[in-house]
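Here are some notes for a colleague who is meeting this structure for the first time. Please read them with the sequence and the model side by side.

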Amino acid sequence: VPRHKVKKQINLFYCAECEELALKVAAASDAIQLQSINWRYTTPPPPPPPSLLLDSVQPLSSNPSRLHGAARNFPDGFPNLFINNAHDIRGQHVAFLASFSSPAIIFEQISVIFALPKLFIASFTLVLPFFPTGTFERVEEEGDVATAFTLARILSMIPKSRGGPTSVVIYDIHALQERFYFGDDVLPCFETGIPLLLQRLSQLPDADNVQPQPFPANFQLCCESFFLLLLV
């Protein structure tokens, strides 16, 4: 993939699930500078050097657990998060590549998404490869809960950055009328990856035998399969 040179530099943060995709995006453009967040760990992090253990009281920036990315969960299971290089991104453009593939990981990402615009950044863009509640966007029977509206309301509460409202870029949201579920404090932008999918399908050895299929009921599985196909 040819690298594109542009003047506007973007500091791209990403969730743990999107690390591979973020690396591919950064490799395709000189405008992308990857940043990192300390998420939770499933295995103990490496021990800090002895020099960092001399003082029992240290400022947050020199905390050994921070320097080694030891963002472990608290005992009650809630995440202990840390945004690296928070001072360095002041006045710069920031984006976050999210994945709401499971309710279990949405809260920790929402916490980071709400924190980033408050770091005195120039602008903030949230990129959501798919909208997990997109297929439940209306009430067909009294008692139904339109969870698409719930998630849209949560994202509408993202704080403003120095540059104004957050841009929320969502791919293949399922229904264009869902843009009206978002409030005025964010700018929803709906994109589609179908042209990329068709391009990738045309490159397959048996492209002539590809037949259109009905849209699967499992929306999340469809979107995950689509992005996995693009990464092949």
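1. The largest nonpolar core has 38 residues, and among these F96, F131 and L155 touch the most other members. A nonpolar core here is a set of buried Ala, Val, Leu, Ile, Met, Phe, Trp, Tyr and Cys residues joined through side-chain atoms within 4.5 Å, where buried means under 20% relative accessible area, exposed over 50% and partly exposed in between, with a 1.4 Å probe and protein chains only. At least two residues of this core come from each of β1 (10-14), β5 (93-97), α3 (106-115), β6 (123-128), α4 (147-155), β7 (166-171) and β8 (186-191); these elements are DSSP runs numbered from the N terminus, with helices (H or I) of at least four residues and strands (E) of at least two.

2. Before going further, please note that this is a predicted model, in which local features need pLDDT of at least 70 and side-chain atom pairs count only at pLDDT 80 or more, while totals for chains, interfaces and linings use all residues. Residues are numbered from 1 along each chain as its sequence is written, and side-chain values use heavy atoms, with hydrogens and water left out.

3. To see the core from one of its members, take L155: leaving aside neighbours within four places in sequence, L155 is in contact (heavy atoms within 4.5 Å) with F100, I110, L126, L128, F131, F182 and V186. F131 and F182 appear again in an aromatic cluster, which they form together with F190.

4. The strands β2-β1-β5-β6-β7-β8, in that order, make an open sheet of six with parallel pairing, two strands being paired if DSSP finds at least two bridges between them. Because β2 (32-34) and β8 each have a single partner strand, they stand at the edges, and one side of each is left without a neighbour in the sheet. Within the sheet, β1 and β5 are joined in the parallel sense by five bridges, and N11 has V94 of β5 as its bridge partner.

5. Five aromatic pairs are counted, on the rule that rings of Phe, Tyr and Trp (its six-membered ring) pair if their centres lie within 6.5 Å, with planes under 30 degrees apart counted as stacked, over 60 as edge-to-face and the rest as tilted. One of them joins F78 and F107, whose ring centres are 5.7 Å apart and whose planes stand at 85 degrees, so this pair is edge-to-face. Since F78 lies in the loop between α2 (64-67) and β4 and F107 in helix α3, the pair ties together parts that are 29 residues apart in sequence. F78 is partly exposed at a relative accessible area of 49%, and F107 is partly exposed at 47%.

6. Two residues deserve a look at their backbone angles. N85, in the loop between β4 (82-83) and β5, has a positive phi of about 60 degrees although it is not a glycine, and at 40% relative accessibility N85 counts as partly exposed. F120, in the loop between α3 and β6, also has a positive phi, near 60 degrees.

7. How many disulfides does a search of the whole structure find? The search finds zero, a disulfide being a pair of cysteine sulfur atoms within 2.5 Å. For C15, the nearest cysteine sulfur is that of C18, 3.6 Å away; C15 is buried, with a relative accessible area of 3%.
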